[in-house]
Amino acid sequence: MSGISKRFGGVHALRNVDLTLEAGEVHCLVGENGSGKSTLIKIISGVQAPEPGGRISIAGQDYPHLNPVRSTHCGIQVIYQDLSLFPNLTVAENIAIGQHLGGLRKVDWAAMRTIALNAMAKVGAEFDPDTKVAELPIAGRQLVAICRALAADAKLIIMDEPTASLTRHEVDALIALVSELKRAGMCIVFVSHRLDEVLEIAERVTVLRDGAKVGTFAADTIDSRKLSHLMTGHAFDYDIHPYNLAGAPVVLELQGLGRDGDYEDIDLTLRSGEILGLTGLLGSGRTELALSLFGMNPPDRGAILLDGKPVTLASNADAIRKGIAYVPEDRLTLGLVLDQSITSNLTLTVLERLAGPLGLISAGTRKDHVAQWVSKLGIKVSDPENPVKTLSGGNQQRVVLAKWMATNPRVLILDSPTVGVDISAKDGIYDVIRRLADAGVAVLLISDEIPEVLYHSHRVLVMRHGRLTVDVPCSQTSEPALRQAVNA
Ligand code: ADP
Ligand code: MG
């Protein structure tokens with residue numbers, strides 16, 4: 001299928017989706033609710049027609065769209081979640097009924113029974129063909145539905161959430177059967193929410209998000225974490241939590257910090273290597289607190305301690321000198337100036353340090369500084385005088401990393417670092433943050449997005465009306481709990 005789109009009024013259920021299904025493969029279709037899986041299946045089975053312009057090709061034959069008869073004729077069979085069986089008919093009748101509907105032929109019970117028994121033999125189904133389907137357990141009914149598809153000479157069987165109501169044992173049996181059908185040269189499309197199972201059974205996985213195809217992946221190149229990331233756009237990276245910070249030195253400590261009208265009674269500790277998430281509604285005082293830590297919004301009360309010593313931060317230059325870096329909310333990925341050269345981006349944060357006695361930076365010093373970081377982080381650069389925007393996303397992220405690592409920060413404050421960036425760039429930013437923390441930097445990650453602080457921090461704080469109301473390790477909280485705390 002190529003260029004398949006489908007609209008329902010204002011809803012864009014599918015956007016320009018391409019999909020290839022091959023004989024002898026199990027192809028899983030995954031995506032969150034509403035991502036378009038069922039719509040895609042309905043288009044394959046001919047129940048719905050795509051928008052004009054799409055193309056469906058089956059075994060070399062092109063169709064602008066299918067219809068149920070044509071689709072069945074081509075060997076396409078869908079097993080919907082409700083299985084669409086007739087509970088009051090027998091197993092044999094259910095399996096063979098498709099072969100008898102639509103014609104004016106007299107029902108040939110003996111022939112029907114033969115058809116049913118043949119199909120059942122193919123899957124090793126052992127139940128009595130004369131049992132009423134209503135008497136079978138779910139797994140048995142599913143087997144009947146599969147037999148019905150086989151009796152209809154299926155080459156492509158699509159199963160919409162077949163394992164949702166099965167026990168683990170039944171799932172194993174189904175997976176074994178699917179592998180059997182695959183070996184017989186059939187294509188099985190499997191829709192499932194259970195990602196471990198998807199990866200166990202599939203050759204390839206196609207991910208849909210908001211009606212668009214994110215990609216098709218070989219199952220052995222991805223894991224469930226990656227898959228949930230692709231489905232949702234949120235990275236679920238639990239690796240970050242196990243780092244034991246109890247022994248790490250406290251870099252920043254706030255004691256009873258308060259500022260009239262902004263925030264009050266703020267106590268917190270931030271350790272070397274720790275990523276501390278800070279979330280809360282807009283106007284809860286997060287940004288005001290962050291600015292105070294960067295010397296730009298002096299507190300009225302309380303103490304700021306760096307490495308255990310009380311400090312006053314007179315200005316942002318003072319804060320930078322004392323090892324605090326602040327990256328304001330910036331759509332252009334962590335404060336890169338995209339139109340300026342790689343060199344000037346890399347030296348922006350360390351001008352003072354690189355400058356000679358007259359406040360000037362020699363060309364040689366600049367060059368050395370840039371060369372050092374380019375090689376340290378393996379930034380692929382043809383000419384460091386080119387604008388940063390000429391670099392690939394990944395290399396831009398490395399420039400960001402170098403830029404802040406060069407300041408030798410003890411504390412890095414990031415305000416909404418991923419606002420307005422796309423999925424892949426987000427991933428790069430999380431990677432930068434993690435690497436900075438791994439290098440011992442204490443990171444304060446401010447974000448509106450609960451999954452962002454939950455999955456990319458060690459600990460999370462919630463601020464409400466200028467006060468910290470939650471301070472909890474990420475491993476001991478959840479998205480709903482944080483959401484409730486934010487909106488409480
Ligand atoms: P999934 O199976 O992945 O949960 P669907 O294909 O059922 O997703 O739905 C994709 C989108 O299209 C959803 O926003 C859904 O509400 C919409 N949609 C699906 N079918 C119809 C329909 N018949 N009329 C209107 N909207 C529909
Ligand atoms: Mg669905």
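A polar contact is a pair of N or O atoms within 3.5 Å; within protein, one atom must be able to donate a hydrogen and the other to accept it, and residues adjacent in sequence count only if both atoms are side-chain atoms. The model here is predicted: local features need pLDDT of at least 70, side-chain atom pairs count only at pLDDT 80 or more, and totals for chains, interfaces and linings use all residues. Residues are numbered from 1 along each chain as its sequence is written, chains are lettered from A and ligands numbered from 1 in the order in which they are written, and side-chain values use heavy atoms, with hydrogens and water left out.

**Ligand 1**

Oxygen atoms of ligand 1 make these polar contacts.

| Residue | Partner of the ligand oxygen | Distance |
|---|---|---|
| Gly 34 | polar backbone atom | 2.6 Å |
| Lys 37 | side-chain N or O atom | 2.9 Å |
| Thr 39 | side-chain N or O atom | 2.5 Å |

On its own, ligand 1 has 560 Å² of accessible area (Shrake-Rupley method, 1.4 Å probe), and the protein covers 61% of it. The residues around ligand 1 (a heavy atom within 4 Å) include Phe 8, Val 11, Ala 13 and Glu 32. Also among them are Ser 35, Gly 36 and Ser 38. The shell holds three nonpolar, six polar and two charged residues; Gly counts as polar. β2 (11-17) and α1 (37-44) each supply at least two shell residues. These elements are DSSP runs: helices (H or I) of at least four residues, strands (E) of at least two, numbered from the N terminus. α1 gives the most, three residues.

**Largest pocket**

A pocket is an open set of points on a 1 Å grid over the protein atoms alone, where a 1.4 Å probe fits, with protein on both sides within 12 Å along at least five of seven lines. The largest has a volume of about 540 Å³. It is lined by 15 residues (an atom within 4 Å of a point). Closest to its centre are Pro 68, Thr 72, Ile 76, Gln 77 and Val 78. α2 (68-73) and β6 (76-79) each supply at least two lining residues. The largest share, four residues, comes from α2.

Conventions:
Grid points are joined across faces, edges and corners, and a volume is the space filled by probe spheres set on the points.
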